[in-house]
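Work through the exercises below with the model open. Each one sets a task and then solves it in steps.

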Amino acid sequence: MKKNRFGFVSALKEHIISGKPITYLETQVIYGYSNLSPVLSNLKKQGWIIKSRKIPLPAAIRRANKYAIYQPPENLPVNDIICTEWWVSN
């Protein structure tokens with residue numbers, strides 16, 4: 001039987017290389033991977049230019065909810081939380 005070599009890290013890299021932004025929240029909710037840093041470092045070592053910016057948490061939640069259901073705790077002040085998104089620059 002042939003082993004499937006396209007795992008969550010490969011899927012995550014494909015997502016980033018395609019130019020789509022990603023946050024830690026999306027990394028965990030969509031891909032089930034808890035540490036985005038080594039993936040970004042690996043891409044930088046391969047010569048990719050990684051850009052980042054700050055976005056409000058509700059924007060990241062809306063994007064994640066296109067693929068999965070994420071409901072933050074009711075007492076969490078989501079409008080006051082800022083997160084970082086990364087993408088590959090063209």
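A residue counts as buried when its relative accessible area is under 20%, and as exposed when it is over 50%. The model is predicted.

**Exercise 1. Decide whether helix 4 is enclosed or open.**

Solution.
1. Take the range: helix 4 covers residues 57-64.
2. List the buried residues. They are Leu57, Pro58, Ala60, Ile61, Arg63 and Ala64.
3. Count them against the length: six of the eight residues are buried, so helix 4 is largely enclosed by the rest of the structure.
4. Find the surroundings. The buried residues pack against strand 1 (22-23), helix 2 (24-31), strand 2 (50-56) and strand 3 (82-88).

**Exercise 2. Describe how helix 2 and helix 4 pack.**

Solution.
1. Two quantities describe a packed pair of helices: the angle between the axes and the distance between them.
2. Read both. The angle is about 20°, and the axes of helix 2 and helix 4 lie 9 Å apart.
3. Classify the angle. Under 35 degrees counts as roughly parallel, so helix 2 is roughly parallel to helix 4.
4. Add the handedness: helix 2 passes helix 4 in a right-handed crossing.
5. Name the residues that meet. Helix 2 brings Leu25, Glu26, Val29 and Ile30; helix 4 brings Leu57, Ala60, Ile61, Arg63 and Ala64.

**Exercise 3. Place Thr23 and find its contacts.**

Solution.
1. Thr23 belongs to strand 1.
2. Check its accessibility. The value is 0%, so Thr23 is buried.
3. Set aside neighbours within four places in sequence. Thr23 then contacts Leu36, Ile55, Ala60, Arg63, Cys83, Thr84 and Glu85.
4. Cross-check with helix 4: Ala60 and Arg63 are among its buried residues.

**Exercise 4. Classify the aromatic pair.**

Solution.
1. The structure holds one such pair.
2. Test the geometry. The ring centres of Tyr24 and Trp86 are 5.5 Å apart and the planes stand at 90°, so the pair is edge-to-face. The cut-off for that class is over 60 degrees.
3. Locate the partners. Tyr24 is in helix 2 and Trp86 in strand 3, 62 residues apart, so the pair links distant parts of the chain.
4. Compare accessibility. Tyr24 is partly exposed at 30%, whereas Trp86 is buried at 16%.

**Exercise 5. Which ring does the charged end of Arg53 sit over?**

Solution.
1. The ring belongs to Trp87.
2. The charged end of Arg53 is 5.3 Å from the centre of that ring.
3. Check the distance criterion: the limit is within 6 Å of the ring centre.

Terms used
Residues are numbered from 1 along each chain as its sequence is written. This is a predicted model: local features need pLDDT of at least 70, side-chain atom pairs count only at pLDDT 80 or more; totals for chains, interfaces and linings use all residues. Side-chain values use heavy atoms; hydrogens and water are left out. Buried means under 20% relative accessible area, exposed over 50%, partly exposed in between (1.4 Å probe, protein chains only). Helices (H or I, at least four residues) and strands (E, at least two) are DSSP runs, numbered from the N terminus. Contact means heavy atoms within 4.5 Å. Rings of Phe, Tyr and Trp (its six-membered ring) pair if their centres lie within 6.5 Å; planes under 30 degrees apart count as stacked, over 60 as edge-to-face and the rest as tilted. A charge sits over a ring if NZ of Lys or CZ of Arg is within 6 Å of the ring centre and within 35 degrees of the ring normal. Axes are lines fitted to C-alpha atoms, for helices over the stretch in contact, and angles run from 0 to 180 degrees between N-to-C directions. Angles under 35 degrees count as roughly parallel, over 145 as roughly antiparallel, 65 to 115 as roughly perpendicular and the rest as oblique. A crossing is left-handed if the near helix is turned anticlockwise from the far one by less than a right angle, and right-handed if clockwise.
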